[in-house]
Protein chains: 4
Amino acid sequence: MQDSTRAESLKRLRYIEGHLNGVRRMIEEDAYCVDILKQSFAVRRAIEKLEQLMLEGHLRTCVVEGIRDGREEQVVGELRELYELANK
Amino acid sequence: MQDSTRAESLKRLRYIEGHLNGVRRMIEEDAYCVDILKQSFAVRRAIEKLEQLMLEGHLRTCVVEGIRDGREEQVVGELRELYELANK
Amino acid sequence: MQDSTRAESLKRLRYIEGHLNGVRRMIEEDAYCVDILKQSFAVRRAIEKLEQLMLEGHLRTCVVEGIRDGREEQVVGELRELYELANK
Amino acid sequence: MQDSTRAESLKRLRYIEGHLNGVRRMIEEDAYCVDILKQSFAVRRAIEKLEQLMLEGHLRTCVVEGIRDGREEQVVGELRELYELANK
C-alpha cells in the first residue's frame, strides 16, 4: 500500500472505530433498536468507503504491476474473488 | 432490547471489534491489500449478522407491541426506512 | 396485494423488462462491457425499488393483520427470512 | 466481449427473463407477497452472477490490454466507478 493510501485508510479506520464504539454504547445504554440499527448501517457504509479506497490503491499499484509482469492470471483471479466476496 | 438479545449483541460486537483490530494491524504492518480487503469483508458480514439479530429482536418486541397498540403507521414507517438504509 | 400496489408494481416491472431488453441488445450488439455492466446495475437497482414497494405493501397489510390475529411467530419469521435473503 | 462469454451471458439472460416473467405472473395472479419477494431476490442474484461473468471477461480482456497499452488511468478509473455503482 502506498503511504498516502495507508495514512488515509488509518484515518478512516479511526472514524469507523469511533462509530462502532457509539454502537456499543447505545446497546449498553439500551437505546431504541431502530436508532442502533441506523448507526450500525452508517458503520457498514464507512467500511465500504474504506474498502473502495484500498481497492483503488490496489488497482493502481499491484494490479497494474502484476499485469505488466505477465501475472494477469493471478491478478485477475484475485479481483474476481474479491468481487464475489464483496457481494456475498 | 431484551436482555438475551443485548448479551448476544455485545458478544458479537466484541468479535467485530477484534476483527477490526486485525484490519488495523494488517494496514499498519503493510499486509497485502487483497488480504486486508478479505478481512474487511469478513468484518462487514459480521456486522450484518449483528444487525439481523437486533432487527429480529426489534420485530419480536417493539413491532409486535406497536401494532397491537395501534401505532402501525410509525412502526411500518420505521421498518421501511431501515430496509431502504440497509440496502443503500 | 392491494390494487394500487399491484398496479404500481406492474408498471415498474414493465420498466425493468424494458431495461433488461436493453442489456440483451447491448450484449448481442457487442457493446463495451463497462456500459453493459452499468445498464445491468441500473436494472438491479430498479428491482430493489420494486421489492421495497412490495415489502412496504406487505408490512401495511399482511404483517399488521397477522400480528392483530396473533400470528406474530409466522409473520416475524417470514420478515426475518426475507431480510436474510435480501442481503445474501 | 469474447464469443464464449457472450454465449454464456445470453444463456443466463434467458434464465433471468424467464424468472422475471415468473415474478410478473405471480403479481398478476395475486400470489403471496412473501413468495413474490423471494422470487424477485432470486432474479436479482441471477443478475449478480451474470455481472460477475461479464466483469471477469472484462478483466481478462479489456483491462489486461488497456494496462499493456499504457491506458491504466482509464482502465482503473472505470473499474473504480463500476465497483462504486455495484454497491450503491
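Here is a walk through the contacts between the chains of this structure, beginning with the pair A and B. Please keep in mind that the model is predicted.

Let us start where chain A meets chain B. Here 39 residues of chain A are in contact with 39 residues of chain B. Putting the two chains together buries about 4,200 Å², and carbon and sulfur atoms give 68% of that area. On the chain A side, R24(A), I27(A) and R44(A) lose the most area to chain B; together these residues make up 15% of what that side buries.

Charged groups have their place in this interface too. Between chain A and chain B there are 10 salt bridges. If you would like one to look at, try E17(A) and R24(B), where the closest N and O atoms are 2.9 Å apart. The count of residue pairs in polar contact between chain A and chain B, with both residues at pLDDT 80 or more, is 18.

Which helices of chain A supply at least two residues each to the side that touches chain B? They are α1 (3-28), α2 (33-68) and α3 (72-86). Helix α2(A) gives the largest share of that side, with 17 residues. Sorted by class, the side of chain A that touches chain B has 21 nonpolar, four polar and 14 charged residues.

Now turn to chain B and chain C. This contact takes 20 residues from chain B and 20 residues from chain C. The buried area between chain B and chain C is about 2,100 Å², with 61% of it coming from carbon and sulfur atoms. Six salt bridges are counted between chain B and chain C. One to find on screen joins the side chains of R60(C) and E73(B), at 3.2 Å from N to O. Six residue pairs are in polar contact across the interface of chain B and chain C, both residues being at pLDDT 80 or more.

On the chain B side of this interface, α2 and α3 (72-86) each supply at least two of the residues that touch chain C. The largest share, 11 residues, comes from α2(B). By class, the side of chain B that touches chain C divides into nine nonpolar, two polar and nine charged residues.

A helix pair lets us look at this interface in detail. Helix α2 (residues 33-68) of chain B packs with helix α3 (residues 72-86) of chain C at an angle of about 145 degrees, and their axes are 10 Å apart. The crossing of α2(B) with α3(C) is right-handed. From α2(B), the residues that take part are E51(B), Q52(B), L55(B), E56(B), L59(B), R60(B), V64(B) and R68(B). Facing these residues in α3(C) are E72(C), E73(C), V76(C), L79(C), R80(C), Y83(C) and E84(C). The residues of this helix contact comprise six nonpolar, one polar and eight charged.

Finally, step back to the salt bridges as a whole. Over all chains the count comes to 60. Side chains of opposite charge can pair when their charged atoms come close. Within chain A, D3(A) and R6(A) form a salt bridge in which the closest N and O atoms are 2.7 Å apart. How far apart along helix α1 of chain A are D3(A) and R6(A)? These two are three residues apart, so about one helical turn separates D3(A) from R6(A).

Notes:
Residues are numbered from 1 along each chain as its sequence is written. Chains are lettered from A and ligands numbered from 1 in the order in which they are written. This is a predicted model: local features need pLDDT of at least 70, side-chain atom pairs count only at pLDDT 80 or more; totals for chains, interfaces and linings use all residues. Side-chain values use heavy atoms; hydrogens and water are left out. Axes are lines fitted to C-alpha atoms, for helices over the stretch in contact, and angles run from 0 to 180 degrees between N-to-C directions. Helices (H or I, at least four residues) and strands (E, at least two) are DSSP runs, numbered from the N terminus. A crossing is left-handed if the near helix is turned anticlockwise from the far one by less than a right angle, and right-handed if clockwise. Contact means heavy atoms within 4.5 Å. Ala, Val, Leu, Ile, Met, Phe, Trp, Tyr, Cys and Pro count as nonpolar, Asp, Glu, Lys and Arg as charged, and the others, Gly among them, as polar. Buried area is the accessible area (1.4 Å probe) that two parts lose on being put together, summed over both. A salt bridge is a side-chain nitrogen of Lys or Arg within 4 Å of a carboxyl oxygen of Asp or Glu. A polar contact is a pair of N or O atoms within 3.5 Å; within protein, one must be able to donate a hydrogen and the other to accept it, and residues adjacent in sequence count only if both atoms are side-chain atoms.
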